[in-house]
Amino acid sequence: MQQPDSVQLPKIEDFYDLSYESGEIHLRGVKGRAFILPTKAWATLRMLLSPKFKDEVIPFMSHMGYAVGISFVEQTTKLEGKPKKLLRILLSIARSSGWGNFSIEGDVEYGSELTVIARNCSFCHNESSTEEAVCHFLVGFVNGLVDYLFRKPHSATETRCGGMGGETCEIKIMELRPATGGKTPANDNRE
Ligand SMILES: [Zn+2]
């Protein structure tokens, strides 16, 4: 019988090809070029933008994430399958991109209510004492992902953040029903 520790885990070259001469990294699964950003650079970016944009920093980071979320879905449109399967693939891409160990719970068939659990999240890496959740980019990202995947607007909120202590970030996603009326955050993001 095979021991659990003898299981072959994926290696970085299963996902990427590095062409050192031209300075390019290529994604294997979805094709296309990628680049690496150190989590330290991300933390600096987050910290320097905060005083500069004040209250606007949250929607700004969230919009950025939303756009990246949409582009992630666009990259998988060649792949056949229901949202449930695509969602699993997308979270695995996030994982192989070094974003953290992501999983999703809830209504993965129709996307009415979902919870994304991000263990070891890189967006709040080395942060443990903030007063508020800091993974606004990630929140926007999963919002864009589920909106585009299920073709319905959702709201997304980080209810637990590793930046405030602990090792897990938790993002609650709710489908926005048309009956609620008014401007939805998802529509807001598309402006
Ligand atoms: Zn977080």
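Let me begin with one pair of residues: Glu-105 stands opposite Thr-115 in strand E5. I should say at once that the model is a predicted one. From this pair I shall work outwards to the sheet, then to the core, and finally to a loop and to the chain as a whole.

Strands E4 and E5 pair in the antiparallel sense, and 6 bridges connect them. Together E4 and E5 make a hairpin that has 6 residues between the two strands. In that turn sits Gly-111, with a positive phi of about 70 degrees.

E5 has a second partner. Strand E7 runs antiparallel to E5, and 7 bridges join the two. Within that pairing, Val-116 stands opposite Ile-171 of E7.

Which residues of E5 lie on its covered face, and which on its uncovered one? Leu-114, Val-116 and Ala-118 make up the covered face. The uncovered face carries Glu-113, Thr-115, Ile-117 and Arg-119. Thr-115, the residue opposite Glu-105, is therefore on the uncovered side of E5, as the covering of the strand is assigned here.

Val-116, on the covered face, leads us to the interior. Leaving aside residues up to four places away in sequence, Val-116 touches Phe-102, Ile-104, Val-142, Ile-171 and Ile-173. The largest nonpolar core holds 34 residues. Those with the most contacts inside this core are Val-116, Cys-135, Leu-138, Val-142, Leu-145, Cys-169 and Ile-171. At least two core residues come from each of helix H2 (57–75), helix H3 (83–96), strand E4 (101–106), E5, H4 and strand E7 (168–175).

Which element gives the most to this core? The answer is H4, with 10 residues. This helix covers residues 136–150. Of its 15 residues, 15 are buried, so H4 is largely enclosed by the rest of the structure. Its length can be checked as well. At 1.5 Å a residue, a helix of 15 residues should span 21 Å, and the end C-alpha atoms of H4 are 21 Å apart, which agrees. After H4 comes Arg-151, whose phi is positive, near 55 degrees.

I turn now to the loop between E5 and H4, where Cys-124 is found. Is Cys-124 buried or exposed? It has 25 C-beta neighbours inside 10 Å, and the cut-off for burial is 20 or more, so Cys-124 counts as buried. Again leaving aside residues up to four places away in sequence, Cys-124 touches Val-134, Cys-135, Cys-161, Gly-162, Gly-163 and Cys-169. Two of these, Cys-135 and Cys-169, were named a moment ago among the residues with the most contacts inside the core. Cys-124 and Gly-165 are 41 residues apart in sequence, while their C-alpha atoms are 9.9 Å apart in space.

Two asparagines in this loop deserve mention for their backbone angles. Most residues other than glycine have a negative phi. Asn-120, which lies in the loop between E5 and H4, has a positive phi near 60 degrees. Asn-126, found in that loop too, has a positive phi near 70 degrees. As to their surroundings, Asn-120 is partly exposed, with 16 other C-beta atoms within 10 Å. Asn-126 is exposed, with 11 other C-beta atoms within 10 Å.

There is also an open sheet of 3 strands, in the order E1-E2-E3, with antiparallel pairing. Strand E1 (16–19) and strand E3 (33–34) stand at its edges; each has a single partner strand, so one side of each is left without a neighbour in the sheet. Strand E2, residues 24–27, runs antiparallel to E3 and is joined to it by 2 bridges. One pair can be named: the bridge partner of Ile-25 in E3 is Ala-34.

Lastly, the whole chain. It contains 5 helices and 7 strands, and from the N terminus on these run β-β-β-α-α-α-β-β-α-β-β-α. The radius of gyration is 17 Å, close to the 16 Å that the globule rule gives for 191 residues, so the chain is as compact as a globular protein of that length. Along its principal axes, the C-alpha trace spans about 55 × 40 × 40 Å. Of the 191 residues, 29% count as buried. Among contacts between residues at least 6 apart in sequence, 54% join residues at least 24 apart.

Key
Residues numbered from 1 in each chain as written. Predicted model: local features only at pLDDT ≥ 70, side-chain atom pairs only at ≥ 80, totals over all residues. Pairing = 2+ DSSP bridges. Helix = DSSP H or I, 4+ residues; strand = E, 2+ residues; numbered from the N terminus. Rg over C-alpha atoms; globule rule 2.2 N^0.38 Å. Buried ≥ 20, exposed ≤ 12 C-beta atoms within 10 Å, placed from the backbone. Contact = placed C-beta atoms within 7 Å. Expected span 1.5 Å × (residues − 1). Core = buried A, V, L, I, M, F, W, Y, C linked by C-beta atoms within 7 Å.
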